[in-house]
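Let's take a walk through this one together, starting at a ligand and ending among some packed helices. Have the sequence and the model open side by side as we go.

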Amino acid sequence: MQILKVENLSKSFDGTEVVTNVSFEITKGEVVAVIGPSGSGKSTLLRCLNLLERIDQGTVVVAGDTMVETSSNGQVRYASEEKLRKIRLHLGMVFQNFNLFPHFSVLQNITEAPLRVAGLSIAEARVIALGLLDKIGLHDKADAYPYQLSGGQSQRVAIARAMAMNPDILFFDEPTSALDPELTGEVLKVIRNLASEHMTMMVVTHEMSFARDVADRIIFMDKGQIIEEGAPHQIFSSPTNERTKTFLKNFYNNSGF
Amino acid sequence: MFAIGNGTDFFRLLSLLFNGALTSLQIFFLTLLFSLPLGLLIALGRMSPQKWINGPLKLFILIMRGTPLILQLIFVYFAPFYMLPESMRFSLPRFTAAIIAFSLNYAAYYAEIYRGGIESIPRGQYEAAAVLGFTKAQTFFRIILPQVIKRILPPISNEVITLVKDSALVQVLGISELFRVAKNESSRIFSTTPLFVAGLFYLFMNWMVTKIFETAEKKLSYYQ
Ligand SMILES: Nc1ncnc2c1ncn2[C@@H]1O[C@H](COP(=O)(O)OP(=O)(O)OP(=O)(O)O)[C@@H](O)[C@H]1O
Ligand SMILES: [Mg+2]
């Protein structure tokens, strides 16, 4: 089943095109890793998909609902606010900088949206939150505040917060880039566990070994375009495009991967 | 200096000053009641991208912060009478005029404090709320405003302390607040004691204000 369909998506900032004519699909249960050099438009693409930016051209369909479409004369039309609100419930997002709510405890961070957006009861939201805290190994931190958490713990809570809304697809924008190297493992493990439970995910990452091991598919972006797309073993061992080769070569040289 | 005859006189002085202080406190509380929410509205309008909203509000803030409050008091009191065409003339009760002028003036100061606080909240907080599906109102009242309040408590407490002392300015409209009562009593009995005692009254009020803000800050120190 198709969760996300993107067709000819383009996005400019002040006349400079940052994402150019991007098309791809994600089916249920798939884990897609997006790699590419800095400034290639990976974050912008994710932000367009979860409505933090408005696109200039293209079509996005989420779980069968059209979020935005472009008519043949180039007119971009977003769904109504009400429909967008509904579509948003299908989408989850994990940011590089966690963006936890500092004035809420860990538990409140996770229950706030289920309570106020999904309309669950306090008891229901609590059960969900405590279950997720168990899964990420932070049951004992339920009453802690974000400032009391390490970066790795914060990011795991942010993942739980997104999961509490039971999204159909979860987007990650470099979930480990703000972490000390020794803390990336615990976050990647949580994402791995989600993958093993067939959570649909699109992960922008610079962690090549993670992308290789966990993703079902790799998308390589450069200069706003999808240059190459394929299974990890294909992209990593026999990339067809010169730019992909160069990017990966630089990467191997710098990391010994 | 302490030329107070006997206990009865002193008791009489205290009750006089106490009455004046009650008027000062009324001005104080009513001003807070109106200016704190009004300031928030002004701050939100001031941050609007629409020029026809933010432009006039910028000018309003400039005027309110750029001219003496004592002048604004006089203006609000006399303007409806002297600046309107004859058929529309009216005058506000002194006390009402004082509350209007104070509320507008303090709202302008609070607006800038709110704005500073709101603009200091990282974009990521709005974005996290947006992707979780919160409405704009939920985002503002549940996520942003509580964090803003924590950040602006210290500058707000400064303004509130100033307000206690500024309340003495309403005497230009002939309102018998604490300072005016003390001054009149001073000239009547040829003694500075009433003024000195009035000073202690102000000090006491601001000691209370300080305590209240300290408690509030402590209450909000459960997170960083
Ligand atoms: N709000 C914005 N306004 C103007 N330009 C922007 C904005 N956001 C991103 N850009 C530009 O768009 C381009 C793509 O940025 P983007 O953040 O999507 O790249 P990225 O692939 O995520 O890079 P990185 O790997 O460094 O995170 C960059 O040149 C960036 O400067
Ligand atoms: Mg990025």
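When we talk about helices here, we mean DSSP runs of H or I with at least four residues, numbered from the N terminus. Keep in mind as well that this is a predicted model.

Start in chain A, at ligand 1. Which element gives the largest share of the shell around ligand 1? That would be helix α1 of chain A, residues 42-49, which supplies three residues. The full set of residues around the ligand is A:F13, A:V18, A:P37, A:S38, A:G39, A:S40, A:G41, A:K42, A:S43, A:T44, A:E174 and A:H206. Sort that shell by class and you get seven polar residues, three nonpolar and two charged.

Now zoom in on some of the oxygen atoms of ligand 1. One sits 2.5 Å from an N or O atom in the side chain of A:T44. With A:E174 it's again the side chain, where an N or O atom is 3.1 Å from a ligand oxygen. A:S40 brings its backbone instead, with an N or O atom 3.1 Å from an oxygen of the ligand. As for cover, ligand 1 on its own has 630 Å² of accessible area, and the protein covers 58% of that.

Before leaving chain A, have a look at A:D134, which belongs to helix α4 (residues 122-135). Its side chain makes a polar contact of 2.6 Å with the side chain of A:H139. You can also use A:D134 to gauge a distance: A:L188 is 54 residues away along the chain, and the two C-alpha atoms are 16 Å apart.

On to chain B. How many helices and strands does it have? Eight helices and zero strands, so reading from the N terminus the elements simply go α-α-α-α-α-α-α-α. Its C-alpha atoms fill a box of roughly 75 × 55 × 25 Å along the principal axes.

A handy way into this chain is through helix pairs. Two packed helices are described by the angle between their axes and by the distance between those axes. Take α1(B), residues 7-46, and α2(B), residues 51-66: they pack at about 130°, with axes 8 Å apart. That angle makes the two helices oblique to each other. On the α1(B) side, the contact is made by B:I42, B:G45 and B:R46, and α2(B) answers with B:I53, B:N54, B:L57, B:K58, B:F60 and B:I61. Five of these residues are nonpolar, two polar and two charged.

Helix α1(B) also meets α7(B), residues 178-189, and here the axes come within 7 Å and cross at roughly 150°. Angles over 145 degrees count as roughly antiparallel, and therefore this pair is roughly antiparallel. From α1(B) come B:R12, B:L13, B:L16, B:L17, B:G20, B:A21 and B:S24, facing B:L178, B:V181, B:A182, B:E185 and B:R188 of α7(B). By class, that contact has seven nonpolar, two polar and three charged residues.

Conventions: Residues numbered from 1 in each chain as written. Chains lettered and ligands numbered in written order. Predicted model: local features only at pLDDT ≥ 70, side-chain atom pairs only at ≥ 80, totals over all residues. Heavy atoms only, no water. Axes fitted to C-alpha atoms, helices over the stretch in contact; angles between N-to-C directions. Parallel < 35°, antiparallel > 145°, perpendicular 65-115°, else oblique. Contact = heavy atoms within 4.5 Å. Nonpolar A, V, L, I, M, F, W, Y, C, P; charged D, E, K, R; others polar. Near = heavy atom within 4 Å. Polar contact = N/O pair within 3.5 Å; in protein donor to acceptor, adjacent residues only side chain to side chain. Areas by Shrake-Rupley, 256 points an atom, 1.4 Å probe, with all protein chains shown as cover.
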